[in-house]
Amino acid sequence: VVGALIVKHVENLSDEKTIQAIQENPYMQYLLGLPAFTEKPIFVPELLVLVRKRLDHDFFNMLTLMLAEADGSCSKAERKDKDDNDHGGTMKIDATCCNAEVRYPTDSNLLEDGSKLIDRLLDKFCNRHHISKPQTHRVEARKAFITLTKRKCKGRKLIDRTKLIQIRCLQADIQIFMKFLGNQMSNLLKCFNRHDCKCLQAAFGMFEQQKMMFENGVRSCIDRIISIYQPHLRPIVRGKAKAKVEFGAKVGASIVNGYTYVDHLSWDAYNESTDLISQIALYKQRFDMLPDEIQADKLYLSRTNRGLIRNGFINCYNHPLGRPPKEENDKSAEDKRRAIGERNEIEGTFGTSKRIYKADNIRAKLSETADTWIGASFFAKNVMKFLRGLLCLILTKMDCVGFIKKKKKKQYAFVLQYCNLSY
């Protein structure tokens, strides 16, 4: 099953297309460990959803650590004794937001979704028990929403008037819904499944938030719901040029010897500087030593974190607090430039994981399945890094480099470039 997840994220396929690709490809079946080629599906695509509910990013961190041990990366770091503590290796840390595939949330769209959900659940209940449906305000709310969406220039007065109509209609429909189901409460659980109950609870919470913000004239609230079908999503203010606000999981990651580890995953916005203490502890747990150097941006270097780095005898070549010195040591300036250049690796890792291995626009609808999706995306990137290193080792053992130098330099130049070899 883990091999199927690797195929899915490396080839950028859906669950159904992944099973079909494995069914047709003997190389993929060999990767999955099957004893012989078979034309039958290895399992149904729905099994991948069940697997995502059981796994998490910590499981893929464990597999990544096994790859690093097989690669020998864990033993490559030079160990140095500092104050009776072993130090070795470089840890590059940063945070990003893995967006979920969700429509941009506006107040009118959320109120429309809530009205549509209440009407759909009433239809489902009445059809199941063969009773007449009570009259609702669905037509009036829909008419106001369509009027707003068809306008090219949406003024503030029109938006507020539409929201007022939608809030009143949704409030009346909720009262009708609860009064109508009050006498049928024994049959409620038999009709609605767990997903319907979860969406209904999110719709009630969304309505209370929208009503409070409209009455008080504010545009934000605590734990704001942006989707009644994915109520765990929260707006993450990142301040990026592309989008100031993103909607998804905030991920704190670290890179050690080219392998990426997901250290912290949260659906709520938080300050990533608080991750530094836990990331140093995880480094100590994984490699049985403290990092010799930490490469991070200035957001991580608060006074508390600077004291932690200094007390742990860890190098961090960032600008100190206060005024810059008039004369800076040449070696210190060179170390700073080197650290800034090397830290770009984690920025490139985020872009590669999002564009190639589907760590962005996540289609998993549950929080636990999205957690596994993100962990599998970064693990697929680590697997491809391991395979490139393996190919480099094979070419080195076969002494292909000397052969290419002499005879077929141009023909096999792409192999050397792919393996990051200089000739």
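1. I394 is partly exposed, with a relative accessible area of 39%, and in this predicted model the residue belongs to helix α14, which spans residues 367-397. Together with L387, L390 and L393, I394 makes a nonpolar surface patch of about 330 Å². The value of 39% is above the 30% that a residue must exceed to be counted in a patch, so the partial exposure of I394 is consistent with its place in this group.

2. A second residue of the same helix has the opposite setting: N382 also lies in helix α14, but at 0% relative accessibility it counts as buried. Which residues are in contact with N382, once its neighbours within four places in sequence are left aside? They are T64, L67, G258, Y259 and T260. Of these, Y259 and T260 fall within the residue range given for strand β6, 259-266.

3. As for the chain as a whole, the predicted model contains 16 helices and seven strands. Buried residues make up 45% of the 423 residues, and the accessible surface comes to about 24200 Å², with 53% of that area belonging to carbon and sulfur atoms. Among the contacts with a separation of 6 or more, 67% are between residues 24 or more positions apart.

4. Near the start of the numbering, helix α2 (residues 15-24) has D15, T18, I19, A21 and I22 as its buried residues. Seen down the axis of α2, these residues fall within an arc of 165°, so they line one face of the helix. Against which helices does that set of buried residues pack? The partners are α1 (2-11), α3 (26-31) and α4 (46-54).

5. The surroundings of H264 can be described in some detail. This residue lies in strand β6, residues 259-266, and is partly exposed, with a relative accessible area of 26%. Not counting residues up to four places away in sequence, H264 touches K250, V251, G252, Y270 and D275. Two of these neighbours are also polar partners: the side chain of H264 makes a polar contact with the side chain of Y270 at 3.3 Å, and another with the side chain of D275 at 2.8 Å. The C-alpha atoms of H264 and Q279, which are 15 residues apart along the chain, are separated by 8.5 Å.

6. Turning to charged pairs, the count comes to 24 salt bridges. One of them is formed by E112 and R142, whose closest N and O atoms are 2.9 Å apart. This pair links distant parts of the chain, since E112 is in helix α6 (residues 107-129) and R142 in helix α7 (residues 138-149), with the two positions 30 residues apart in the numbering. The two partners differ in exposure class: E112 is buried, with a relative accessible area of 2%, whereas R142 is partly exposed, with a relative accessible area of 34%.

7. Helix α6 takes part in a further salt bridge, in which the side chains of D123 and K133 meet at 2.9 Å, N to O. Here D123 is in helix α6, while K133 is in the loop between α6 and α7, ten residues apart, and the pair is again one that links distant parts of the chain. Are these two partners buried or exposed? D123 is partly exposed, with a relative accessible area of 28%, and K133, at 34% relative accessibility, counts as partly exposed as well.

8. A salt bridge within a single helix is that of E347 with R343, for which the closest N and O atoms are 3.3 Å apart. Both residues lie in helix α13 (residues 330-355), four residues apart, which is about one turn of the helix. E347, at 37% relative accessibility, counts as partly exposed, whereas R343 is buried, with a relative accessible area of 14%. Elsewhere, salt bridges that share partners join R238, E246, K250 and E272 into one network. K250 thus appears in two of these points, since it is also among the residues that H264 touches.

Note on methods. Residues numbered from 1 in each chain as written. Predicted model: local features only at pLDDT ≥ 70, side-chain atom pairs only at ≥ 80, totals over all residues. Heavy atoms only, no water. Buried < 20%, exposed > 50% of the residue type's maximum accessible area, 1.4 Å probe, protein only. Arc of directions from axis to C-beta. Contact = heavy atoms within 4.5 Å. Patch = residues over 30% accessible without salt bridge, like charges linked within 9 Å, V, L, I, M, F, W, Y side chains within 5 Å. Areas by Shrake-Rupley, 256 points an atom, 1.4 Å probe, with all protein chains shown as cover. Salt bridge = Lys/Arg side-chain N within 4 Å of Asp/Glu carboxyl O. Polar contact = N/O pair within 3.5 Å; in protein donor to acceptor, adjacent residues only side chain to side chain.
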